[in-house]
Structures are given as C-alpha cells and as structure tokens.
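This report describes selected features of one protein model. The sequence and structure are shown first.

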Amino acid sequence: MGKPTGFLEVTRETPKKRPVAERVQDYKEIDIDFTTDKVKSQASRCMDCGVPFCHNGCPLGNIIPEFNDAVYDQNWAYAYEILSSTNNFPEFTGRICPAPCESACVLGINKPPVTIEYIEKSIIEYAFGNGLVKPNIPTKRTGKKVAVVGSGPAGLASAAQLNKAGHTVTVFERADRIGGLLRYGIPDFKLEKWVVQRRVEVMQEEGIIFKTNTNVGVDIKADDLLEDFDLVILSGGSTVPRTLGIPGSDLKGIYPAMEFLSQQNKRVSGIERQVNHAGKPYTMGELYATDKNVVVIGGGDTGSDCVGTSNRHKAKSITQVEVMPMPPKERASQTPWPNWPMMLRTSTSHEEGADRHWSIAVKEFVGDADGNLKGIKIADIVMEVVDGKAQQVHTNEREIPAELALIAAGFLHPQHEGLLAQLQEKGLEFDERGNVKATNYQTSVEKVFAAGDMRRGQSLVVWAISEGREAARAADIYLMGESVLEAKNVSSFAVA
C-alpha cells in the first residue's frame, strides 16, 4: 500500500475532455492525459484492501492493488510487468472498458472508486513510450500449428497466448485489416486505430502470421483448415444484427449501426470502402448523417457511438430511443456493491448533443413516394393493470422526422453460413441462442475450440480478451497435455 492515507487525502479525478466544440470537428481521442505525477496521486487512493473485490470485478482478474502500488512508487516497469501478466491488451481496455473493476472497488462503498481504468491506460502508454513493450518471442517452438479464425480481441488474445506457448499461430481475417470490432466497430474518437496497429506489429514481430482478406469457409474450406492445422480456434464476432420486423423496414435510409460505423472508420483511415466490417460488399452506398434527422434505435454503447459519429457528420438532429425504462441516476438497490450497477450512463457522445428517450416502442417506418425514409412512428410504453395482470400498453403514438435510422439493437449470433455450416456437417453444435456450443472452450468437433462472442454471445472487449486467454490455455492443454500459460486469477505476484 503506497500511501495509507491516500484515499482520505486525494479525491477521485479523471482526465478532462477536449471541449465539445473542438472535438466534434475531428475523430481524435477526446481525453487530455494526466502527467505521471497526477497518475501517481490517483494510484495513492488504492487502499490495498484485505479482500480486493476489484479482482473479481475484472473479467481478466487483473492484479490491481499491486500495480497501483507500483505506480505510486513510480516503478513503472514493475507495474507493466504485473499488468501484462493478466491482460494482453491494456491499451484497449484502458480506453474502452466500462470498468467493472471500479464498480467493485471497496473504496466505492462510500467514496468515489479508484480510477483503475485510467491508471491501466497510463501504465501501458508509459511502457510503450519508454521501450518496455518488447516482442515476446518463444525460445522454442512446439511444432504444432494453430489457426485462429477472427482477429477481434478474443482472436488476438488467443493468438498471443498460443504463440507464447511456442505454437505456430496463423490468424485469418476476412476484412482487409486486423482488429475486428476494434478496427471497424469502435469509433476513432474512443480508440484511434494506430493503437491497434501498434499492437499488431508487435505480434507480427513475435512470429504470429496474419492473413487478411481471407474468408474462411469461402476462400478456405473447413476440411482444408482441419487438415492443415493441429487445432482451430473460432473467434469471430457476433455479426448477425437484430432487426425490428416492423412495417416500412425495406425503405431506403434504414441501416444496421455497424454499417454506418465501419464506413466512417474506413474513411478516417483512408481505406477504400468496398466491403463492410464482416467482409461483405457494401450495397447501400455512402452513409452520412449530414443535414439529416437521425434516429438511433437502441440505447447501448453502439447507439452511443452512432450519436457521436452523427454529431461529427453535422446531423440536423439526433434522437436516440430505447425500449427499456430509463435507469435510475444512482446505483439501483437491486444491484448493490460490488455488483455491476444498474444506473443511468451518459457517454461523452451524449454530452455532445442528443435527444434521448426511454420506454419507446418503434411502431413503423414511414416513407415518401420514392421509397425514402421520412419519419418513424413511435409510442410511449407504460405499464397498466388489465384484468388483474400488469402488461405493456402503447400510448401517445406519434411520428418523428427521420431521414436516417440506425438500428443499434444488438446482435443475434455469429454468421452460420460458410465455415460454421461446414463444421456443422461434422457435428458442430449451437446453443439455444445460435452461438457455438463449447464446453471448456472445446466444441463438439475434435480439435475445434471457440472463444469470445462466437461462444458467449455479444459482450464486452474485456470479456473477449478473457475468453481468448482461457481458450488458449484449454487448447494448449489439448495439444500438449499440460500448459505453461497462466490460469485466470493465478499469478506469480502474491496477493496480500
């Protein structure tokens, strides 16, 4: 514990944001980073609790009090060593994780929690800036070849761990660049793509082989994959979007949110927009929110990203609607500490401007004579008791203007056509939600494993990294009979 009285003397502080009027003019990250002294001061607030609930709050089991202590001592090399023992990509989670560790912070019981996420980002950026991040090249190869299908956070984590174990790893990606959701889903103002590319280059130096523009199941059949590799890890994303199935859904001007976001990411990177984030050809032309009334359907992170991007496009108006009731502004009683709290969350994109509505039913898309979207019929959802039973009732039906509707209602499951269908013929099973069924990350097809959204469904980046790491360890045991890779929450760093 660096400073026993730190949590009493120092208040929680997070980085200031660039002014709204400035940041909506570009796609740069919006944080104004702290000095190392300021990060040290924030790290001093960690109490080094007897039972650090933050460990359990973090899907990766990060050893948080120890790296906070090292930062307070300004021993950045040791802080990086601790952090990288459980997290392959702190530069991603330090920017885009919702920080469930902070919700479980013991200090958060009666004070604002420690700024764990930002301290994590500070450690990895210091490490990169001072030459502490070096390629982890295995001293000996096992002779085993592993194919990782999908280069999102789960696939990259699996690849990094299996390469560390000495296997020869090839990552297949159907898009034109590596990163999956990190590259073509998350806007640059949250995660600039040089951050992703920097990590990819380190992994290439470590000996990992990346093959882009390769749609496994089309360019390479399942039979060939199973014949050429000793083990396959399926780590593709959950890419089948949820649709509304309401009248007018075929009008021009209605698009899945990810089509809109991936196009903009390609624009920022100067990449020709021939295919989308899922490697499929674009069919809807250039998507812009400029001078349009935009309605974002869905209140989650993807919807928030659509709001931020539409603000940068200079939309005429932005309305975001959500079917669920408005969450409470403070932690709800049904999600007490240390659980992830149910409460209202306002993102930096919302701060830039959006009209938000909850308990809204989207009833119909309304078009003009040429088949273009011109409005959306919505209604308020209220609960009423009818014949002694509570049920939803739609009231106050009305039409709001909209020339662009972005559906950010989540995803159903991974794409079944292609690779998964071919593996299904060999006995691959799906769960009741349409995800790949895998026990301890191993599917019903011999030497085929699954991780991330492919296995657990749409989730957080931090969960994808955790899944990738755990799947890699299970795969290593399958190949070698034992594993040199770390198990979750097991580390050489002792917990007090």
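The text below treats the sheet, one helix, the nonpolar cores, two loop residues and the salt bridges in turn.

The model is predicted, and local features are described where pLDDT is at least 70.

**The antiparallel sheet**

Strands β11, β12 and β13 form an open sheet in that order, and the pairing is antiparallel. The edge positions are taken by β11 (360-367) and β13 (389-401); each has a single partner strand, so one side of each lacks a neighbour in the sheet. From one strand to the next, the twist averages 25 degrees. The antiparallel pairing of β11 with β12 (residues 373-386) runs over 7 bridges. Within this pairing, Glu364 is placed opposite Lys377 of β12.

**Helix α10**

Helix α10 comprises 12 residues, 153-164. At 1.5 Å a residue the expected span is 16 Å, and the end C-alpha atoms are 16 Å apart, which agrees. The helix is mostly covered, with 11 of its 12 residues buried. Among them are Pro153, Gly155, Leu156, Leu162 and Asn163. The buried set also includes the polar residues Ser158 and Gln161. Just after α10, Gly166 adopts a positive phi of about 105 degrees.

**Nonpolar cores**

The largest nonpolar core holds 72 residues, of which Phe67, Ile123 and Leu182 touch the most other members. Helix α19 (residues 461-480) contributes the most to this core, giving 8 residues. Which residues surround Phe67, apart from its neighbours within four places in sequence? Phe67 is in contact with Asn62, Ala79, Ile82, Leu83, Ile116, Ile119 and Ile123. Ile123 thus appears both as a contact of Phe67 and among the core members that touch the most others. A second core, separate from the largest one, has 21 residues, including Val216, Val232, Phe430 and Met454.

**Two loop residues**

Is His413 buried or exposed? His413 has a relative accessible area of 19% and is therefore buried, the limit being under 20%. This residue lies in the loop between β14 (404-407) and α17 (419-424). Beyond its neighbours within four places in sequence, His413 is in contact with two groups of residues: Ser238, Thr239 and Val240, and also Arg433, Gly434 and Asn435.

Val218 belongs to the loop between β5 (209-211) and α13 (222-228). Its relative accessible area is 51%, so Val218 counts as exposed, for which the value must be over 50%. Val218 and Leu419 are separated by 201 residues in sequence, yet their C-alpha atoms are 7.5 Å apart in space.

**Salt bridges**

Side chains of opposite charge can pair when their charged atoms come close. A search of the whole structure finds 25 salt bridges. Three of the pairs are listed here.

| Pair | N to O distance | Separation in sequence |
|---|---|---|
| Lys17 and Asp31 | 2.5 Å | 14 residues |
| Glu125 and Arg95 | 3.0 Å | 30 residues |
| Asp305 and Lys190 | 2.9 Å | 115 residues |

The salt bridge between Lys17 and Asp31 connects two strands: Lys17 lies in β1 (residues 16-17) and Asp31 in β2 (residues 31-32), so the pair ties together parts 14 residues apart in sequence. Lys17 is partly exposed, with a relative accessible area of 36%. Asp31 is partly exposed as well, at 27% relative accessibility.

The salt bridge of Glu125 with Arg95 links two helices, as Glu125 lies in α9 (residues 116-129) and Arg95 in α7 (residues 90-96). Glu125 counts as partly exposed at 22% relative accessibility, whereas Arg95 counts as buried at 15%.

In the salt bridge between Asp305 and Lys190, a helix is joined to a loop: Asp305 lies in α15 (residues 301-313), and Lys190 in the loop between α11 (181-184) and α12 (193-205). Asp305 is buried, at 5% relative accessibility, while Lys190 is partly exposed, with a relative accessible area of 26%. Elsewhere, salt bridges that share partners join Arg23, Arg312, Glu351 and Glu352 into one network.

Conventions
Residues are numbered from 1 along each chain as its sequence is written. This is a predicted model: local features need pLDDT of at least 70, side-chain atom pairs count only at pLDDT 80 or more; totals for chains, interfaces and linings use all residues. Side-chain values use heavy atoms; hydrogens and water are left out. Helices (H or I, at least four residues) and strands (E, at least two) are DSSP runs, numbered from the N terminus. Buried means under 20% relative accessible area, exposed over 50%, partly exposed in between (1.4 Å probe, protein chains only). Contact means heavy atoms within 4.5 Å. Two strands pair if DSSP finds at least two bridges between them. Axes are lines fitted to C-alpha atoms, for helices over the stretch in contact, and angles run from 0 to 180 degrees between N-to-C directions. The expected span of a helix is 1.5 Å times one less than its number of residues. A nonpolar core is a set of buried Ala, Val, Leu, Ile, Met, Phe, Trp, Tyr and Cys residues joined through side-chain atoms within 4.5 Å. A salt bridge is a side-chain nitrogen of Lys or Arg within 4 Å of a carboxyl oxygen of Asp or Glu.
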